[in-house]
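Reader: I am new to this structure. Please show it to me, and let me ask how each term is earned.

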Amino acid sequence: MKILLYNPDNGVTRNFMPHLWMFLLQAITPPGHEVVLIDGNARPMNEEELVAFVRAQGIGLVGIGAMTRMAARAYRMADAVRAAGIPVVMGGPHVTEVPDEPLGKDGGPRHADAIALGEADETWPRIVEDAANGCLKEIYAPLDESGKERKPSLQPYPSIPWDTMDLEQFNMVPKMARSFLGKQGSGWGSVQVVPIESGRGCPYGCEFCTVTGFFGDSIRFRSNESVVNEMLRLKNHARANRSQVIVFFIDDNFAINIKRTKSLLREIIAANAQLPWIAQISANLLRDEELVDLIAASDGKWVFIGMESIDTANLADVNKSFNKPAEYAAVLNRLAKRNIYAITSFIIGLDNDTPGVAARTLEQIESWPPGLPVFGQLTPFPATPLFDRLVAAGRLTRPKHWLEFAPYQMAHEPLKMTIPQTQIELDQAWARSYSPERNLEVINALSDHPIRFRAIHFIMRLFFRGIYFPQMNKRAWLKVIFQNRRSIFSLSREAISAIRSAKKNKKRVGADPATAMNERRAA
Ligand code: B12
Ligand code: SF4
């Protein structure tokens, strides 16, 4: 049987990274079946195009996965495929949280022939065999013999053959810059972010989060060896393809077990498997100096920190009092001392927020080492304690907000601000954080760093701006480039003088190798 695994586009910006679930299910598909992957973010398709593809390829089963925000789009695509007579199985967090919806048991239309609840590592092979034998069941749940939910142990973990996959479709470098950057010799014409999970589960149970409910509070890890081997394979792949690979450890809290994280990082270093990496780590776990040293030594570059708010009352409301705003600055300074920077994530529209929350938060952010702040509005995802609380209080204004998805639109009213006021705060937070003036301020604040580092930081700022203000075409990019011309001019001038002095040095090396060797040693 030929199987298509499809991930709809997220409807706002294109994702910068492949979705791991598709690659994982492909790797554990029983032999004898062929699996084709389409990520709508990299290869956009409408309903007709998808159906035409499925027919042309002779696909016998379509698997669709989606987060809540992509659910409506996923259902539309599923409807079109089913109308063409091909069975659809859906999985992922959203259908697990509202299983009656895709099956049409909530009074709405049916969108899927079958659904996979929860983690599908053990149920997927069964789904494939049942579909191939024409006896697909409605619901596949990961249960043990006694009917209790069983979580995959992650040991062993399948080997994902990244090296044989078309990663070029996820190249982050804008097409117009690829050829120029490709000629610079260090592989910057092709930059890919690759997701690796080293463990699953988070016990913290923040009120708005689906992770504790979905993955459970029992944390499971892959063996260090399996993670290290995956990194070594990726490193070889990057070298062979003259590309840059950045690893995103997608664990919800990469340092949830500090001892294990340290041992993994030590093994990465010992095996020389370092690749630049990003991970999500909560601020409380970054108090440990040795951990931060190991992050730096293993080539950790960016840490995503869910700060959520600078107001302790807000944090208590959402069951996240383990975040201590008073220590945010110290944590960020500890990272910055090792040239590690943070993607700091904030929620606007928490119940204790009042007008002016964006300005108050930005004032704090601007006093910290430069990072990449991101902001979202509080969103009640189904099956979270937040969703249940708002339903009980009759506060949901759009109870099935995902079926009428609109980016950054709230589905309930915060207690101390209106929805339009929250929207204004969100706009302000993004606009000021990524304004041309702020971008210039940040690259100046990093003036003691090498030009290459500052240029990368600046380029990342332009990309991050695009999360909220989509830059989906050449015109939009040219506009951003024009607005940021002062930063670009200043960075280019420095880059040219750095290149010139490097060339001069090179000439001197030719003329007097011994002096040059001494100079290099001194540098
Ligand atoms: C990486 C990640 C991202 C990446 C993007 C996704 C990507 N390219 O990988 C980034 C950082 C961009 C991101 C952004 C966001 N994310 Co996110 N993200 C994750 C994260 C940390 C890992 C996803 C992952 O790969 N997991 C590992 C795989 C193996 O698990 P899985 O996807 O669940 O797949 C398993 C099963 O679900 C099942 N399965 C999944 N799909 C399918 C399909 C079929 C057919 C079958 C049979 C089975 C199946 O099988 C898999 C193996 O068991 C998850 C949390 C988590 N731990 O999952 C949040 C998570 C998915 N994100 C979430 C959210 C809310 C967001 C944002 C909306 C946050 C925000 N406020 O802006 C944005 C929106 C992104 C966008 N624009 O689309 C929520 C989604 C909740 C929900 N119900 O929708 C999650 C669950 C985290 C949370 N806090 O609750 N995210
Ligand atoms: S720490 Fe992160 S992953 Fe864990 S429950 Fe809270 S928000 Fe979710």
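Reader: What makes you say that helix α2 lies across β1, β2 and β3, and at what angle to β1?

Author: Helix α2 (residues 47-57) lies across these three strands in a predicted model. Contact means heavy atoms within 4.5 Å. The helix runs at about 160 degrees to β1 (2-7). Axes are lines fitted to C-alpha atoms, for helices over the stretch in contact, and angles run from 0 to 180 degrees between N-to-C directions. Helices (H or I, at least four residues) and strands (E, at least two) are DSSP runs, numbered from the N terminus.

Reader: What are the ground rules for numbering and for the values?

Author: Residues are numbered from 1 along each chain as its sequence is written, while chains are lettered from A and ligands numbered from 1 in the order in which they are written. In this predicted model local features need pLDDT of at least 70, side-chain atom pairs count only at pLDDT 80 or more, and totals for chains, interfaces and linings use all residues; side-chain values use heavy atoms, with hydrogens and water left out.

Reader: Why is β1 called largely enclosed?

Author: Buried means under 20% relative accessible area, exposed over 50%, partly exposed in between (1.4 Å probe, protein chains only). Six of the six residues of β1 are buried, so the strand is largely enclosed by the rest of the structure. Both faces are covered. Lys2, Leu4 and Tyr6 are buried on one side, and Ile3, Leu5 and Asn7 on the other.

Reader: How do you know which strands β1 pairs with?

Author: Two strands pair if DSSP finds at least two bridges between them. β1 and β2 have six bridges and run parallel. β1 and β3 have four, also parallel. Leu4 has Val36 of β2 as its bridge partner, and Leu5 has Gly63 of β3.

Reader: What makes β2 and β6 edge strands?

Author: The open sheet has six strands in the order β2-β1-β3-β4-β5-β6, with parallel pairing. β2 (34-39) and β6 each have a single partner strand, so one side of each is left without a neighbour in the sheet. Further along the order, β4 and β5 (residues 114-116) pair over three bridges, in the parallel sense. There Gly91 stands opposite Ala116 in β5.

Reader: Which strands stand at the edges of the sheet β7-β10-β11-β12-β13-β14, and why?

Author: This open sheet has six strands with parallel pairing. β7 (191-196) and β14 (372-377) are its edges: each has a single partner strand, so one side of each lacks a neighbour in the sheet. Neighbouring strands here are turned by 20 degrees against each other on average, direction ignored. β13 (residues 341-348) runs parallel to β14, joined by six bridges. Ile347 stands opposite Gly376 in β14.

Reader: How do you know which residues surround ligand 1?

Author: A residue is near a molecule or strand if one of its heavy atoms lies within 4 Å of it. 38 residues surround ligand 1, and the closest are Thr68, Ala120, Asp121, Thr210 and Asp252. By class, the shell has 20 nonpolar, 11 polar and seven charged residues. Ala, Val, Leu, Ile, Met, Phe, Trp, Tyr, Cys and Pro count as nonpolar, Asp, Glu, Lys and Arg as charged, and the others, Gly among them, as polar. α1 gives the most, with four residues.

Reader: What makes the pair of Glu97 and ligand 1 a polar contact?

Author: A polar contact is a pair of N or O atoms within 3.5 Å; within protein, one must be able to donate a hydrogen and the other to accept it, and residues adjacent in sequence count only if both atoms are side-chain atoms. A polar side-chain atom of Glu97 lies 3.0 Å from a nitrogen atom of ligand 1. That pair meets the cut-off. Arg69 places a polar side-chain atom 3.5 Å from a nitrogen atom of the ligand.

Reader: Which residues are around ligand 2?

Author: They are Cys202, Tyr204, Gly205, Cys206, Phe208, Cys209, Thr212, Asp252, Lys320 and Phe322. This shell divides into six nonpolar, two polar and two charged residues.

Reader: Why is Leu154 called buried or exposed?

Author: Leu154 has 4% relative accessibility, so it counts as buried. Its phi is near 70 degrees, a positive value in a residue other than glycine. Leu154 lies in the loop between β6 and α6.

Reader: And Arg242, buried or exposed?

Author: At 54% relative accessibility, Arg242 counts as exposed. Its phi is also positive, about 45 degrees, although Arg242 is not a glycine. Arg242 sits in the loop between α8 (224-241) and β10 (244-249).
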